[in-house]
Amino acid sequence: MCSREEKQLAVSRISTLEARKTRDFCETVLRREGERMFRECRDSEKMGSSESRQEETSKERESTPEEKRYDQNDPTLTIVDEEDQLDFELDNFPSPRALMSCGHAVTPTSLTNWCRRQLDQGQRFFACGMPDCDFEWSFKEVRRMALLTPEEIRYFEMKIFENAKDCFDIKSCPGCQSTLMRNDFTNLCAQCTVCTNDRKEPFFFCWQCLREWRGPSPRTDRCDNKDCFNKSLETLKNCPDMTFLEVEGVTGCPSIRACPSCGFLLGHDQTGCKNLVCPRCGEEFCFVCLNITDDCCETSDAYDLCSGGVAPRQTSIPALKGEDWSR
């Protein structure tokens with residue numbers, strides 16, 4: 001049994017989780033919801049109904065009703081006579097308690113509120129909130145055990161998508177602003193199906209400068225629009241060197257690095273050890289040699305120069321591929 005203090009500490013304990021098996025979900029939500037959102041936005045502009053849409057969104061964010069209860073005769077549930085271990089506010093929800101797959105007892109309302117809190121804090125996975133339990137629940141389990149209403153399911157799906165979309169190569173079409181996911185990383189020329197359908201002719205745009213495509217394709221470097229260039233590569237090329245305050249022997253290390261796993265640009269605050277955890281994909285890597293932390297630590301200490309020295313400035317941006325999410 002956990003004390004109130006332990007439960008309150010658990011509220012602020014959500015850590016960066018390793019990203020796994022999320023791409024398929026994002027692609028599903030993207031296909032189903034992305035174009036729907038665009039159509040709603042376009043229709044609302046024609047009807048002048050932006051205020052009603054904001055009111056609808058506000059309603060979706062309201063607290064979960066407390067009348068949700070488990071059916072004690074449901075054979076799929078393991079009903080237990082234990083305290084609700086996710087009731088961090090001590091609300092004493094009236095439902096019977098049931099066990100999650102990690103073995104902790106919850107009520108549907110406490111589970112809903114805990115998972116909603118994680119989503120609202122930017123997480124895209126659902127972690128058990130108990131101390132020393134880093135078990136990760138699937139959305140399927142959360143949806144079933146939290147007795148999510150259709151409105152809650154829609155809100156949860158969209159929050160997961162919003163929190164996860166930066167992990168993938170996702171951008172907005174410059175023609176219609178609908179959201180697209182790029183699967184061909186070897187071609188900057190992308191086609192928007194929404195604009196193509198609306199215009200009755202193919203519409204292509206540049207994934208890099210986000211303007212209508214000009215010039216031949218496919219291309220990996222740029223289109224023929226003026227000032228089309230990779231801003232991230234320019235940052236990596238021109239950023240100044242940095243000095244570690246607590247890591248000895250490191251000189252000539254760039255102050256900006258691209259995560260070797262997903263390509264997210266990161267800076268080091270100069271303090272502490274040389275390792276960082278990428279907030280996008282959850283990978284921990286060495287800022288000096290760019291190797292995964294476990295590999296780097298096999299030959300050097302976290303506060304010493306790496307055995308292989310300082311990795312040169314990066315000249316390409318790593319991309320997180322679909323297979324990386326299914327390992």
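Good morning. In this protein, residues 24 or more positions apart account for 57% of the contacts (heavy atoms within 4.5 Å) with a separation of 6 or more. The model is a predicted one, in which local features need pLDDT of at least 70, side-chain atom pairs count only at pLDDT 80 or more, and totals for chains, interfaces and linings use all residues. Residues are numbered from 1 along each chain as its sequence is written, and side-chain values use heavy atoms, with hydrogens and water left out.

Of the 327 residues, 45% count as buried, meaning under 20% relative accessible area with a 1.4 Å probe, protein chains only.

I turn now to the interior. The largest nonpolar core has 25 residues, of which L111, F126, W137 and F156 touch the most other members; such a core is a set of buried Ala, Val, Leu, Ile, Met, Phe, Trp, Tyr and Cys residues joined through side-chain atoms within 4.5 Å. Two or more residues each come from α4 (108–120), α5 (139–145) and α6 (150–164), and α4 gives the largest share, four residues. Leaving out residues up to four places away in sequence, F156 touches T112, C115, R116, L119, F126, F139, V142 and L148. A second, separate core of 20 residues includes V250, L276, V288 and A311.

My last point concerns N187, in the loop between β7 (179–181) and β8 (189–191). N187 counts as buried because its relative accessibility is 14%. Its side chain reaches the backbone nitrogen of C189 at 3.0 Å and that of R219 at 3.2 Å. Beyond its neighbours within four places in sequence, N187 is in contact with R182, S217, P218 and R219.

Key:
Buried < 20%, exposed > 50% of the residue type's maximum accessible area, 1.4 Å probe, protein only. Polar contact = N/O pair within 3.5 Å; in protein donor to acceptor, adjacent residues only side chain to side chain.
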